[in-house]
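Trainee: I have a model open and would like to go through it step by step. Where should we start?

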Amino acid sequence: FDVLLMTQLATTIAAQVARWPLIWNYDTAMFELAQVCTPVGVAFFLTALPEISTSQRYAGLPPDDRVTYLNVLRGKSSVIHEFFVNVIENSNDPRVQEVCMRGFQKYIECRCVHGSILSSSPLLKGVFEALCFATDERLVQASRDFAIASIESIDETSDEFFDSAHLQHLVGGLMKYVAHPITGSIEQSMVGAKPDNERAFLLVDVLCQASDSIVPATFKNSGDKSAAMQSLMPLFRNLLRATMHFSWNVVRPTLFAWRTIVDHYFPALDGLMQQVTEAIVCAAQYTEEYETTMDAFDRDEYQEYRNDCRDALRYFCDPELRPSTFREVVNIALTHLNSVGSKRGCNWRLLEAGLHGVGALNKFCHENEPALVPLFEGLHSIASELSMNPSIYCSAVILVGQNSHWVRAHPGFVSVAFNIVASSLSIPAGSNEVYPMRLKQNHVGCIAFAKLCEKNARPYFESHPEFFFPLCDQLWTRQLPDMSCSDKVIVLHGL
């Protein structure tokens, strides 16, 4: 069959059907239609009917009649559902299956389907199985669209049709399929040298939409937060798997889904959110792909992704949500810092990601924060090695500059901070194309130096005049390498 032709024919009928009195007798109309059309033809016709109950382009009914007609369709939604299910079960053609999926999806989108029908629906089960395991691209995309429409129908509270039972049935049915087909598909996508990123995108899209709709509705309508959390655990676990194991461009939407979840934070969620924090820090690490195959445009896009990771951690740190996130990120960085020189060796990429996270959360670090003491001690112990790893050195310098207010409250670390930052000034900003010592347009060392001077200049330079005057001389004679005029202005401002 010709999909475009069939769609046009069905749409044409829909445009005239408001003037067809027989449509008000659904059973008779379907009997007459079945005498002259194949099941696929009937499916196309049924797909066109829900739009008549809306105010969209083909609606030919007055407003009051649309409401009446909507109630007619709601009363027949179970029969219509069975028809679509039967057509799918009797056809192996992915095109037919797609037509039926998209057909019943129209009824969901037009608010004709109660959650009690979807919760036990073989169609919904088939949709999730196709989303997870089908090989036909159009069928997989149709499954994704159907799943999203089902999830979004949770938000329907506009009339008595969508009662509390609607939400209970729908959430229960959706969580059932999130727990099994999606879990298996995510695990399958994680294995092998080349993960299935296209399917992973669709799975994560569905999980994120579920987070946006199901999580708020479940917590809002449940008197027992612990019970609500347990019912949502399949969703949380799969989102966590996705954040931990998928590639960065697939992970990115999950960062915003976690914000929705943490909005409903309560103590029982603490263990989960601690794992999420670690997963986001790890997800921000530089990859081999970043170093070898990405061009400048892709690397800029990856830096934007790292900004999203930082923003997610900052969101968690809100005093009314999880201020403990700051210490958790410090501990992650410290764990990898302490492994430097060990037999097992240090994962330098994870260390950089941890330092990057700590630097991003400076606004949530109070002056007397004890967690930074061992971290600064660790940075001091590897100061001579920092210049050998540009990515870590850059993040360490930013961290020190961002936490200059903490350094002021801990005078014992003033020299440590200035030594780390001052040494970076001798490294040209563009000395490493992949990991430049630059933050936007300025040298990171210059920015950090000015921040340190603003808080700590007097105690440091009074005891280190041998650094102050040579630095002034270098600026005057333009001997500092690869330093722009704006960078020099920043250093001069600090001096």
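Mentor: Start with confidence, since this is a predicted model. Which helix has the lowest mean pLDDT among the elements of the protein chain, and which the highest?

Trainee: The highest mean, 96, belongs to helix α13, residues 270-283. At the other end, with a mean of 67, is helix α2, residues 26-36. Where pLDDT is low, the predicted coordinates should not be read in detail. The lowest is therefore α2 and the highest α13.

Trainee: What is the average pLDDT of the protein chain?

Mentor: Of the residues, 89% score at least 70. The average pLDDT for the protein chain is 87.

Trainee: How many helices and strands does the protein chain have?

Mentor: The chain has 495 residues, and 52% of them count as buried. Its secondary structure comprises two strands and 25 helices.

Mentor: Take helix α17, residues 348-360: what should its 13 residues span at 1.5 Å a residue?

Trainee: The expected span is 1.5 Å times one less than the number of residues. The end C-alpha atoms of α17 lie 18 Å apart, which agrees with the expected value. The expected span is 18 Å.

Mentor: Is α17 largely enclosed or not, and how many of its 13 residues are buried?

Trainee: Buried means under 20% relative accessible area. The buried residues of α17 include Leu-350, Glu-352, His-356 and Val-358. Its cover includes α13, α15, α16, α18 and α20. Helix α17 is largely enclosed by the rest of the structure, because its buried residues number eleven.

Trainee: Which helix gives the most residues to the largest nonpolar core?

Mentor: That core has 166 residues, and those touching the most other members are Phe-104, Tyr-107, Phe-236, Trp-258 and Leu-375. Twelve residues of the core come from the helix in question, the biggest contribution, and that helix is α10, residues 197-221.

Mentor: Which residues are in contact with Phe-236, leaving aside its neighbours within four places in sequence?

Trainee: Phe-236 is one of the core residues that touch the most other members. In soluble globular proteins, nonpolar side chains tend to be buried together. The contacts of Phe-236 are Val-215, Met-229, Trp-258, Ile-261, Leu-269 and Leu-272.

Trainee: Is Cys-208 buried or exposed?

Mentor: The cut-off for buried is under 20%. Cys-208 has 8% relative accessibility, so Cys-208 counts as buried.

Trainee: How many disulfides does the rule give?

Mentor: The rule asks for a pair of cysteine sulfur atoms within 2.5 Å. Cys-394 counts as buried, at 11% relative accessibility. The disulfide count by this rule is zero.

Methods
Residues are numbered from 1 along each chain as its sequence is written. This is a predicted model: local features need pLDDT of at least 70, side-chain atom pairs count only at pLDDT 80 or more; totals for chains, interfaces and linings use all residues. Side-chain values use heavy atoms; hydrogens and water are left out. Helices (H or I, at least four residues) and strands (E, at least two) are DSSP runs, numbered from the N terminus. Buried means under 20% relative accessible area, exposed over 50%, partly exposed in between (1.4 Å probe, protein chains only). pLDDT is the predictor's confidence in each residue, from 0 to 100. Contact means heavy atoms within 4.5 Å. A nonpolar core is a set of buried Ala, Val, Leu, Ile, Met, Phe, Trp, Tyr and Cys residues joined through side-chain atoms within 4.5 Å.
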